[in-house]
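Reader: I would like a close look at a single part of this model. Please take one buried aromatic residue and work outward from there.

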Amino acid sequence: MEPRAGVRIACDPALFGNGSAFAWQGAMQRISVGRVVRLAAWLGVAGFGGGYAVVGQIRDRVVDDWRAMSDDEFTEALAIAQSLPGASGANLFTYLGFRSGGWRGAALATTLFLLPSALLIVAFGVAYDRFTS
């Protein structure tokens, strides 16, 4: 596989030992925690249809608008998100938050994506209990 223009090859000896394996890393912008958190909060409130429904919106923003990841990197992140338990959208935000801000970024992005739905479920439960009793 030939490297594309603007793509550098990086080898981390700490990960690969003898340096025989290489990791492709696109020349992408660093993604900020604030952007990830704002997107997570917005899609947590406005995203309907579950994890798969927001994956396209996350991809459009992260890959096309922000140029924070290549399409291949996003596809790999999505494959990991789909292999883990839970909604793919939430798992993607966990990955994006971790990539931008470590564990704190991951926790914050995931919480802000899931919190609006959780609050709505609690509110509907309370309303149902009040009006049916």
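Author: What follows starts with the chain, moves to one phenylalanine, and ends at a pocket.

The model is predicted. Its chain has five helices and two strands. From the N terminus, the order is β-α-β-α-α-α-α. Of the 133 residues in the chain, 28% are buried. Take the contacts with a separation of 6 or more: 51% of them join residues 24 or more positions apart.

Now to Phe93. This residue lies in α5, which spans 88-132. Phe93 is buried, and so is Phe113. The structure holds two aromatic pairs. Phe93 and Phe113 make up one of them, with ring centres 5.0 Å apart. The angle between their planes is 45°. That makes the pair tilted, because stacked pairs need planes under 30 degrees apart and edge-to-face pairs need over 60.

What else does Phe93 touch, leaving out residues up to four places away in sequence? The list opens with Val36, Leu39, Ala40 and Leu43. These four fall within α2 (33-46). Ile58 is a further contact of Phe93, and it falls within α3 (51-65). Ala109, Thr110 and Phe113 complete the set. Those three lie in α5, the helix that also holds Phe93.

Next, the core. The largest nonpolar core has 23 residues. Phe93 is among the five that touch the most other members; Ile58, Val62, Leu92 and Leu96 are the others. Helices α2, α3, α4 (71-83) and α5 each give two or more residues to this core. The largest share is that of α5, with six residues. In soluble globular proteins, nonpolar side chains tend to be buried together.

Last, the pocket. Leu43, a contact of Phe93, is also one of the residues nearest the centre of the second largest pocket. Gly44, Gly47, Pro116 and Ser117 are the others named there. The pocket holds about 270 Å³ of space, and 15 residues line it. Two or more lining residues come from each of α2, α3 and α5. Again α5 gives the most, six residues. The lining counts ten nonpolar residues and five polar ones, with no charged residue.

To pull this together: Phe93 pairs with Phe113 and ranks among the best-connected members of the largest nonpolar core. Through Leu43, its contacts include a residue that lies nearest the centre of the second largest pocket.

Conventions:
Residues numbered from 1 in each chain as written. Predicted model: local features only at pLDDT ≥ 70, side-chain atom pairs only at ≥ 80, totals over all residues. Heavy atoms only, no water. Phe/Tyr/Trp six-rings, centres within 6.5 Å; stacked < 30°, edge-to-face > 60°. Buried < 20%, exposed > 50% of the residue type's maximum accessible area, 1.4 Å probe, protein only. 1 Å grid on protein atoms, 1.4 Å probe; cavity = no way out; pocket = protein on both sides within 12 Å on 5 of 7 lines; lining within 4 Å. Points joined across faces, edges and corners; volume = space filled by probe spheres on them. Nonpolar A, V, L, I, M, F, W, Y, C, P; charged D, E, K, R; others polar. Core = buried A, V, L, I, M, F, W, Y, C linked by side-chain atoms within 4.5 Å. Contact = heavy atoms within 4.5 Å.
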